[in-house]
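Trainee: Could we go through this one together? I would like to know what stands behind the labels.
Mentor: Happily, let us take a look.

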Amino acid sequence: MAAETSAITPTSRFSLIRRLRESSKAQGLALISPTLIYLLFTLVLPLLLVVFLSFMTRGAYGNIVYRVNLDNYTRLMDPLYLRILGYSLATAALTTVGTILIGYPLAYYIARTPPRQRSIYLFLILVPFWTNFIIRIYAWIMILRTEGLLNSFLLKIGFIQAPLEILYTPTAVLIGMVYEFLPFMVLPLYTSLEKIEPAQLEAAADLGARPHMAFLRVTLPLSLPGMIAGSILVFIPAMGMFVVPDLMGGAKTILVGNLIRNQFLTARDWPFGAAASMLLLILTLIFTLFYTRRAGFGEELLV
Amino acid sequence: MSQFAVELRDVVKRFPNPAGGEITAVNHATLQINHGEFFSLLGPSGCGKTTSLRMVAGFEWPTSGEIFIDGKPMGRTPPFLRPVNTVFQSYALFQHMTIFQNVAFGLEMERVSRQEIQRRVEAALEMVQLSGMGSRKPRQLSGGQQQRVALARALVKRPAVLLLDEPLGALDLKLRKEMQLELKALQEQVGITFIYVTHDQEEALTMSDRIAVMNQGNVLQIGAPVEIYERPNCRFVADFIGETNFLFGKVKAIDPDFVTVSLRGSERELLGIPLGKFHPGQEVVVSIRPEKMRLFDDTPLKLGVSPNQPNCFPIRIIHTMYIGSDTRIVIDFGSGVQLNVWEQNHLSTLDALAYYAPGQELWVTMRPENVLILPEEE
Ligand SMILES: Nc1ncnc2c1ncn2[C@@H]1O[C@H](COP(=O)(O)OP(=O)(O)OP(=O)(O)O)[C@@H](O)[C@H]1O
Ligand SMILES: [Mg+2]
């Protein structure tokens, strides 16, 4: 073997290729290469571009001046931006909690119905996605407006005397966000609830657990992986969301998503927008890592 | 303490059939199980064993009839209020809890104190030889170990009755045999009533104090293993438990202890014991177990036994199989009837004829009490 590789002769070159072909590492690399190429162009290169941009400066006319500096990041430490960031975190967290509160009973109920009905319910949950997102948000605006459906209805039945001011408040943003992200919570929750064997609950009852104890000690922990997966699917896009606050929050509500969008499209300050994106990315990463570690996500996923 | 640990009184359970109509899973079952008894429910797949057990546990409610546990009618009492615990066929261990937490779960539900839980869980784990495994997760145990955890989890509650649904079904044969012995020893040690579901007749025979044989939702016979094997009350039980030969015929004569049956399509007559009520001319089934017949060459004559005595017939050997402890022989009983006969190999010899050979002409005899006369069923 050693003699073969030391001299570069036609035969040894041939055997090098053959050895590459037989090496399991090379094989593995070859097998996932389509994925790698895909990731390179859709993830790695754009990300590098954003990282690069975030260290540049805006020119007088919105052009990019290629001078490495940290100005964008120091500017982000301004209380104004920190407040926006904190507010975004809170909104995303509340959205996640909201989708859990509404999505859990829903997923639980679907997982309990006979199998044939389940697919109908799951289908119904996905149906709204066939309509454009912006149109669905406008539908919500119609409902929540001062003279909208909700207020007219509540006024008519005499539940309230004056119309409620919901639209263009943080509450409206929250309603819109919870609505938008609910399916992302319901589907993973349903998957993990549906996987729980009925025998597990029978065993709990057999050992003396009343229904609420069986739920707390068996169903809830076993559905945790779904809840975590759902939280990640909701929290991350909720952090970057700008359409809902734009349309339903009025001018008062600005989230990081709006900030970034404005920097790129309105202020034409790409480097600052890139820096804000990096901050958002890092925050989200930290949050996700913390959350999954705490809940022992890796292990539970293997169930 | 009431007379019976568990009683099923005329219990019926019907399920709606997805294809329309109803399935009768349990059909007018009446059972009385004594305190401290090892009681088995035995029968083929789908005969309603699991359904019966689940009704005792409280997972299903009878369509009609009543179940009593320690004399108290259970009605629709939910499982968490019944003084019974179950060992599930699939074990149903809580995958998200450690072994210790699994076993402690039932005690926590009873609000037993921390120290007491600690003590009792450790004792339970020791009883099933799993000390030191408390911090593992169920997935980190072998099938046999998981089975023991399921057992400890149920026994730690000190139930009045332990229900076991084919608890050894998932284990390989060797482990199964070991666990059978352990389980039986454990039951004697703790003195708890066991209701044990199995479709393995050998398992039921070796472990049980009494067995109920079920088929198609009906309880056919209840009795000690020896009764079930030696005196089955119907053709199904005789067939399901152990091996047997069936012959068919008509009752010819009845005297106080024995019945004479003339065999169908032959001149031969068999003298046997009646298991049921018979009248002359009635169609019957005759069951004779293979180990209860004896083969002779011409020795019955030498022994002074007349070949005309009852149950003594000339036969011809068709086929033999030497399996070490026994020789299994198929004999031609005449008029196209073949019987299986098992002869124990009492003598150690290399003489081939001692183990019989096809074509040999011999005599078969059987004692009348080994010839069981059963009613013919439609
Ligand atoms: N929930 C149910 N719905 C409808 N039919 C059922 C249900 N549970 C049981 N059955 C039917 O009742 C009958 C008895 O079932 P059961 O599970 O008691 O049988 P088993 O004796 O335990 O059989 P095995 O040895 O295969 O476990 C079967 O015909 C079964 O199909
Ligand atoms: Mg069963």
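**Reasons behind the labels**

Mentor: In this predicted model, α1(B) gives the largest share of the shell around ligand 1, namely three residues.

Trainee: Which elements of chain B each supply at least two residues of that shell?
Mentor: They are β2 (22-33) and α1 (49-57). The residues surrounding ligand 1 are F15(B), I23(B), A25(B), S45(B), G46(B), C47(B), G48(B), K49(B), T50(B), T51(B) and E166(B).

Trainee: How many residues of each class does the shell have?
Mentor: Four are nonpolar, five polar and two charged. Glycine is counted as polar.

Trainee: What makes the pair between K49(B) and ligand 1 a polar contact?
Mentor: A polar contact needs N or O atoms within 3.5 Å. A side-chain N or O atom of K49(B) is 2.8 Å from an oxygen atom of ligand 1, so the pair meets that cut-off. Backbone polar atoms also take part: one of G46(B) is 2.7 Å from a ligand 1 oxygen, and one of G48(B) is 3.0 Å from a ligand 1 oxygen. Ligand 1 exposes 640 Å² when taken alone, and the protein buries 64% of that.

Trainee: Why is V44(A) called partly exposed?
Mentor: Its relative accessible area is 35%. The label covers values between 20% and 50%, so V44(A) fits. V44(A) sits in helix α3 (residues 24-54) of chain A.

Trainee: What kind of surface patch includes V44(A)?
Mentor: A nonpolar one, with I37(A), Y38(A) and F41(A) also among its members. Together the patch residues have about 860 Å² of accessible area.

Key
Residues numbered from 1 in each chain as written. Chains lettered and ligands numbered in written order. Predicted model: local features only at pLDDT ≥ 70, side-chain atom pairs only at ≥ 80, totals over all residues. Heavy atoms only, no water. Patch = residues over 30% accessible without salt bridge, like charges linked within 9 Å, V, L, I, M, F, W, Y side chains within 5 Å. Areas by Shrake-Rupley, 256 points an atom, 1.4 Å probe, with all protein chains shown as cover. Salt bridge = Lys/Arg side-chain N within 4 Å of Asp/Glu carboxyl O. Helix = DSSP H or I, 4+ residues; strand = E, 2+ residues; numbered from the N terminus. Buried < 20%, exposed > 50% of the residue type's maximum accessible area, 1.4 Å probe, protein only. Near = heavy atom within 4 Å. Polar contact = N/O pair within 3.5 Å; in protein donor to acceptor, adjacent residues only side chain to side chain.
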